[in-house]
Amino acid sequence: MGAWARAVALGWLAAAGCKGDSRSGLLSGRDGGPPVVMVDESGRALEREVEPNNVADTAQALSLPGGVQGAIDRAGDEDSYAFEIQRPGLLVASLSAVKEADLILVLFDASGKTVVRSDNGPAGTREGVPNLVLQPGRYRLHITEYVKKPAPGAPLVARAASSEPYALEVHTGPLPSEEEEIEPNDQAAFSGELPIGGGKKGFAGWRRDQDYWRVGLAGLGANEGLAIDLDAVSGVAWRVRVLDSTEKTLLLRQATKDQPVAVRNLALPAGEPFIYVAVACGAGNID
């Protein structure tokens, strides 16, 4: 190997708070107390959930930017909220943590195809979508509760009362800058460009999120190696693969939770015009 290595850097956005933290500005209460009023970060009261809204045909309309306060009212309850995207842009959706409800947030397109599924942890975990680029069209956010299957012969423990309220907040923003990833990028065909000597920012946005980056090798010498650095993110265990242009795996690194990844002096495949760096996680962190 050569005496030095060319470097690429992947800077993932670290958590601003611990997983499961309540959003600032959210007020909650239950069990016969005064009516619960939840507000967004600007202090505006959220809309109230209107049942029935459990399927696409009865999905409650949600204006953007906007938010809604709801609850899992009973065993098997599901809540759907439909909205329109008028122009290409970034979708940011946040579902607040609920102490005794393991919530799952799914984004569907107009055909009913799953775009993103956020299921980052047990009860008390915040879910969401931090940076998904959407094209104009109709979409639906769907909230369900995960209920663990009982052991063989044991009864199913179903919800007997309404959950504490949740807050779903949704807004759009401008397209990402050149320094940021553009979702969806979970396949090599949709990879972003990562320059040698430079760096990019992205999110471990949801469970099993995967981001592909394409690194051009033009101008590198035969004796040069590659260095890759990936920042640690709270609650995230990284899995990093380096692949050649045919998507054959050249290197696999698995980090423990909360740890960075560092690759040093990686031999570059002879004759390859580029490689891919694929960054994946188990649980995500929408912060």
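**Exercise 1.** In this predicted model, state where Arg-208 lies and determine whether Arg-208 is buried or exposed.

*Solution.* Arg-208 is located in the loop between β13 (199-202) and β14 (210-216). Next, consider the backbone: the phi of Arg-208 is positive, about 65°, although Arg-208 is not a glycine. For comparison, most residues other than glycine have a negative phi. Finally, consider accessibility. The cut-off for exposed is over 50% relative accessible area. Arg-208 has a relative accessibility of 65%, and therefore counts as exposed.

**Exercise 2.** Locate Glu-247 and classify its accessibility.

*Solution.* Glu-247 belongs to the loop between β16 (238-243) and β17 (249-254). Its phi is near 70°, a positive value in a residue other than glycine. A residue is buried under 20%, exposed over 50%, and partly exposed in between. Because the relative accessibility of Glu-247 is 43%, this residue counts as partly exposed.

**Exercise 3.** Identify the type of peptide bond that joins Leu-64 and Pro-65, and the type of the bond from Glu-183 to Pro-184.

*Solution.* Begin with the bond between Leu-64 and Pro-65: omega is about -5°, and the bond is cis. Pro-65 sits in the loop between β3 (60-61) and β4 (66-70). Then take the bond from Glu-183 to Pro-184, which is also cis, with omega near 0°. Pro-184 is placed in the loop between β11 (166-173) and β12 (192-193).

**Exercise 4.** How many helices and strands does the protein chain have, and what percentage of its residues is buried?

*Solution.* The count gives zero helices and 19 strands. Of the 287 residues in the protein chain, 46% are buried.

Technical notes: Residues numbered from 1 in each chain as written. Predicted model: local features only at pLDDT ≥ 70, side-chain atom pairs only at ≥ 80, totals over all residues. Heavy atoms only, no water. Helix = DSSP H or I, 4+ residues; strand = E, 2+ residues; numbered from the N terminus. Buried < 20%, exposed > 50% of the residue type's maximum accessible area, 1.4 Å probe, protein only.
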